[in-house]
Amino acid sequence: MSQEVLLKVKDLRTEFFSSKKSSVTAVHNISFDIYKGEILGLVGESGCGKSVTSLSIMQLLKDTPGKVTNGEIVFDGVDLLKASDAEIRDIRGGKMSMIFQEPMSSLNPSMRIDKQMIEGIRLHTKMSKEEARNHAAEMLKKVGIPDPQRVLKNYPHQLSGGMSQRVMIAMAMSCDPKLLIADEPTTALDVTIQAQILDLMKKIQKEEGSSILLITHDLGVVAEMCSRVIVMYAGKIVEEAPVEVLFNNPTHPYTQGLIASVPKLGSGVKVLPSIPGSVPDLASMPQGCRFAPRCKYATEKCRTQEPDLVVVGENQRCRCWLKQEG
Amino acid sequence: MSNTQNQNEQLQNNLSFEENYIDENIIADKSSKTKEFIKKFMKRKTAVVAFVVMVFLLIIAIAGPSLAPYDPAAYDYDNLLAGPSAEHWFGTDQFGRDIFSRILAGAPLTLGVSLSSVIVGAALGTVLGLLAGYYGGWLEMLVMRGADVLFSFPDILLAIAIVAILGPGIVNVFIAVAVFTVPSFARIMRSATLAVKNSLYVEVARSLGCKDGRLLFVHIFPGTIQSLIVNFTMRIGSAIMAASSLSFLGFGANVTDPEWGAMLSQSRSYLTTAPHMVYLPGLVIFVTVLAFNLFGDGLRDTLDPKIK
Amino acid sequence: MGRYIVKRLLQTIPLMLVISIFVFMFIHLLPGDPARTLAGVEATPEEVEAIREEFGLNDPLIVQYIDYMKDLFRGDMGRSLKSNIPVTELILSRFKFTIQLVFAGLIWAPVVGIFIGVICAIKRGTWIDLGGMLFAITGLSAPGFWLGLMGIQIFSVNLGWLPSGGLDSWKSLILPSIVMGTGIMATLARYSRSSMLETLREDYVRTARAKGQKESIVMFRHAFKNSLIQVVTILGLQIGGLLSGSVITETIFSIPGMGRLLVDSIAYRDYPTIQGLLMIFALQYVLINLIVDVLYGVINPKIRYD
């Protein structure tokens, strides 16, 4: 299939500085593409660098010790790392928008919803205040809020978590973005609300034809939503594949472990297998393959030399020595 | 039968082994924590300088009078109101007394009163805050409303009110500053206690049947010690300020005593002719308070960078 | 909101009652016979007896307290031992000077303090931040009486620009207002810096940036406004500090306000006046805090709409 690339991330490296000289690398030279109209999943355990990746793309690392130190992020023909502040601001919230894990704290507590929505809309369109307000109401209706006029007049603390996330989505979608970055959009919500929000995102994505970068630690969400998946481990991509390939034929031992630890309906398994150990500390990465200390197949080579990310099948890439020799 | 006994023994062995293991861990953790703390603290240069100044001042407070180059009470009518010079570093006062010597001689007075009143006030406030936070109910109500009432006489007004009851004098200044210190400690320690009380490890200790007293002093109190230390250093500065303000107003030390605030009060009349009498003792109070405040800031930032 | 204000008002009543008991007990806490204390050192036994009769000191404490409260509500706080003027009148004649001083401090100190704090937070880690915070802690550590005396020496004695005391013109307010405001300025600078830093880490600040909003607007509309809500909470305490600062300031600049009156009354052991002043100072402080709390409710939507 010939697909148009919307976002190209190349050799992206993000470091966190504790002082001018010492830093830890949270995202280690990762490269991937997002195509127009697809939902790309980015999965991994917490601390693997997936959120940092999204913040790096949005250039939202200000007020964190993090800094992009290498690479290219080309969005819709613009290299974001070389763009001016004004150009970035023009893209953020316009062609590229983002929703976050904690919807309740992501809304300004001292501003009414209408003000917050109108603010964003008017930054990227030429609408008058009134038009922007009507548009905001329309967007709220689109995300399934039955009485937009009331919600518009509310303050964030008067909304529930699910409601807040709907507002966040409406806000993010209000300027017809080409790319929506959703960083764990349902993690903080109740299970029943989770499904509603995911359905909503999928519906809107279909209607608007936008792309979504969905960051999650939940493989169930990935299976339901995504067309392609990237698996990250300790700041690096370890596997990339279309969603059905990933679930039917995971090649990296880490991916296999992740999939095995997801409960399956009717499988009768009582105890779920889990991956032993935990994600290594960013400051003290193991030599060789980063997953080797937790990998049951690890060989001497795995512990001393790091494998590259190589193509192992159609549209599938994997970073593992086992797949490169055999 | 012997089998179960065996198992029991083994279980006990295991437990005691675990206990030892945990204890050692905690000890190792503690010493490395101290080391880490010192390492972190040393990075804060202003705080380190403040610490050195503070230690220097405390040494003076102990050894001050014997270091004085002149007799602080000796009159010298040939050298009245003389400006700073090689002989008299800080100049002389209206009786020709050496101001530098008087400041050294006054250090134990000013610092001693402030420090001891903060210690007493902090101890009282801490106990009240701990008990209020831990037991809640009417006790908490009583302590907190009491603190509210004392807080209604803001800042040094409370100290002044107490001196108004007790009358002037250095001992009464000590009591006034101690009482002035109590409510802030009671409040801070109560909220620190509340926070620790609801933490998981206290829940666990309670569920294991730990008694109130032990829970309070072995488990909860150590958890509040950071707030205690930080607040303690911060309050020393305020105490010095309050004590010297009271003396400045004429409620504290005897006017003939070389208490720093009292010295300033005396020197007011000579502002036009001998401004050094105001500048230098005031500067000493300022530097002292600044040193304690900067040290307190450094401690706070090192112990808990979150509360800024 | 209405309920919040009513609740706060109701909370104030028991506090005021306890304060009044505290102040009432003041005379009785003094060592020795209250009648003798009130009559003054040189009073004859007859005079002491007369005082005892006048103040009803033979009655049970509770009766005395009720009488005291009745008088208080009628605005009667007794007569000054020193001048024999009714205490209420005496305090009223001094009130305006202290209020002028408080406003002179309030007019610049909070604004400057918050400004310094916010700038330091935005420029954190730079030399601006370091300088601002050093300035703040210096202001916090400088004794007011020292600052005032140095101010007089420099600006009145040496330069002759400003009067060294009294309250006759706006010029004579400048030095006192610096002495009054320095502490509150310094405290607010430190507090608003940390409050702003905390706010800058909030998710909604990130959301505002993600909208594509300009940094200056992100700072002002989203971060600053929210951090201000926190700063307001300590404003009451700070204004209280101003009230007590008036004692020192009025002493240095020979201003005949309530603080000066308190110092003189303590020196003279003019207990009815001391009692009256303590009551008024506490009342003012409680009222200020009430106003600040209502203000907090007004600017904080979580309370306004509850």
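This briefing covers a sheet in chain A and the contact between chains B and C. The model is predicted, so to speak of local features we need pLDDT of at least 70, while side-chain atom pairs count only at pLDDT 80 or more, and totals for chains, interfaces and linings use all residues. Residues are numbered from 1 along each chain as its sequence is written, with chains lettered from A and ligands numbered from 1 in the order in which they are written.

**The sheet in chain A**
- Eight strands of chain A (strands are DSSP E runs of at least two residues, helices H or I runs of at least four, both numbered from the N terminus) make an open, mixed sheet ordered S6-S7-S8-S3-S9-S10-S12-S11.
- At the edges sit S6 (96–99) and S11 (310–313) of chain A, each pairing on one side only; pairing takes at least two DSSP bridges between two strands.
- From one strand to the next, the twist averages 25° (axes are lines fitted to C-alpha atoms, for helices over the stretch in contact, with angles from 0 to 180 degrees between N-to-C directions).
- Helix H6 (residues 161–173) of chain A packs on this sheet, touching S6 and S7 (179–183), and its direction makes about 175° with that of S6(A).
- S11(A) and S12 (residues 316–318) of chain A run antiparallel, joined by three bridges.
- A:Gly313 has A:Gln316 in S12(A) as its bridge partner.

**Where chain C meets chain B**
- Chain C brings 40 residues to the contact and chain B brings 38, counting residues whose C-beta atoms, placed from the backbone, lie within 7 Å.
- On the chain C side, H12(C) gives the most, with eight residues.

How values were computed. Contact = placed C-beta atoms within 7 Å.
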